[in-house]
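Q: I'd like a close look at one part of this protein: the aromatic side chains and the helices that carry them. Take me through it slowly, and start with whatever I need to know before the residues come up.

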Amino acid sequence: MLKKTLDNFQKKSLKERFLLVIGMMFFLIYLTLGLIIIFWDELPLSMPYNYRVAFGVILILYSFLRFIRFFNKEENNNE
């Protein structure tokens with residue numbers, strides 16, 4: 001499976017590789033931002049803790065939604 005993924009990555013054009021890297025970068029940004037909002041106690045946001053947790057969970061779920069949609073789109077393009 002890893003070999004197949006590596007082969008697919010090498011077959012991509014430069015534009016497709018760039019979009020893959022950008023997609024992964026934004027997944028990591030949203031995931032990290034959600035975790036920071038939840039766990040950083042001295043965050044300079046004046047929000048109650050339960051709203052911060054809800055906002056962080058929404059960001060984390062959104063990051064996974066983007067991740068799943070991105071790779072489902074990639075699989076559809078390869079077929």
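A: First, what counts as a helix here: a DSSP run of H or I that is at least four residues long, with numbering that starts from the N terminus. Keep in mind, too, that this is a predicted model.

The overall plan is quick to describe. The protein has three helices and zero strands, so going by that DSSP assignment the order from the N terminus is α-α-α. Of its 79 residues, 20% are buried. As for how far to trust the picture, the mean pLDDT is 81, and 82% of the residues reach 70 or more. Confidence isn't even along the chain: helix H1 (residues 2-11) has the lowest mean, 68, while H2 has the highest, 88.

Now to H2 itself, which covers residues 14-39. That's 26 residues, spanning 37 Å from the first C-alpha to the last, close to the 38 Å you'd expect at 1.5 Å a residue. Its buried residues are Leu20, Gly23, Phe27, Leu31, Gly34, Ile37 and Ile38.

On to the rings. Searching the whole structure turns up four aromatic pairs. One of them is Phe26 with Tyr30, a tilted pair with 6.4 Å centre to centre and 40° between the planes. Why tilted? An angle under 30 degrees would make a pair stacked and one over 60 would make it edge-to-face, so whatever falls between is called tilted. Both Phe26 and Tyr30 sit in helix H2, four residues apart, which is about one turn of the helix. Phe26 is partly exposed, with a relative accessibility of 32%, and Tyr30 is partly exposed as well, at 22%.

Phe27 and Phe64 make another pair. Their ring centres are 5.4 Å apart with the planes at 70°, so this pair is edge-to-face. Because Phe27 belongs to helix H2 and Phe64 to helix H3, the pair ties together parts that are 37 residues apart in sequence. Are the two partners buried or exposed? Phe27 has a relative accessibility of 10%, so Phe27 counts as buried. Phe64, at 38%, counts as partly exposed.

Phe64 has a link to Tyr30 as well: their C-alpha atoms are 8.9 Å apart, although 34 residues separate them along the chain. Tyr30, for its part, belongs to one aromatic cluster together with Phe26 and Tyr62.

Further along H2 is Phe39. At 60% relative accessibility, Phe39 counts as exposed. From Phe39 to Gly56 is 17 residues in sequence and 9.0 Å in space, C-alpha to C-alpha. Ile38, one of the buried residues of H2, has its C-alpha 8.0 Å from that of Phe55, and those two are also 17 residues apart along the chain.

That brings us to helix H3, residues 49-78, where Tyr51 lies. Phe55 is in helix H3 too. Tyr51 is exposed, with a relative accessible area of 55%, whereas Phe55 is partly exposed at 35%. Where do these two side chains turn up again? They join Leu45 and Met47 in a nonpolar patch on the surface, with about 390 Å² of accessible area together. Patch members need over 30% relative accessible area, so Phe55 at 35% and Tyr51 at 55% both pass that cut-off.

To pull the aromatic story together: Phe26 and Tyr30 pair within H2, Phe27 reaches across to Phe64 in H3, and Tyr51 and Phe55 contribute to the surface patch.

How values were computed:
Residues are numbered from 1 along each chain as its sequence is written. This is a predicted model: local features need pLDDT of at least 70, side-chain atom pairs count only at pLDDT 80 or more; totals for chains, interfaces and linings use all residues. Side-chain values use heavy atoms; hydrogens and water are left out. Patches are made of residues with over 30% relative accessible area and no salt bridge: like charges are joined within 9 Å, nonpolar side chains (Val, Leu, Ile, Met, Phe, Trp, Tyr) within 5 Å. Accessible areas come from the Shrake-Rupley method with a 1.4 Å probe; for residues, only the protein chains shown count as cover. A salt bridge is a side-chain nitrogen of Lys or Arg within 4 Å of a carboxyl oxygen of Asp or Glu. Helices (H or I, at least four residues) and strands (E, at least two) are DSSP runs, numbered from the N terminus. Buried means under 20% relative accessible area, exposed over 50%, partly exposed in between (1.4 Å probe, protein chains only). The expected span of a helix is 1.5 Å times one less than its number of residues. pLDDT is the predictor's confidence in each residue, from 0 to 100. Rings of Phe, Tyr and Trp (its six-membered ring) pair if their centres lie within 6.5 Å; planes under 30 degrees apart count as stacked, over 60 as edge-to-face and the rest as tilted.
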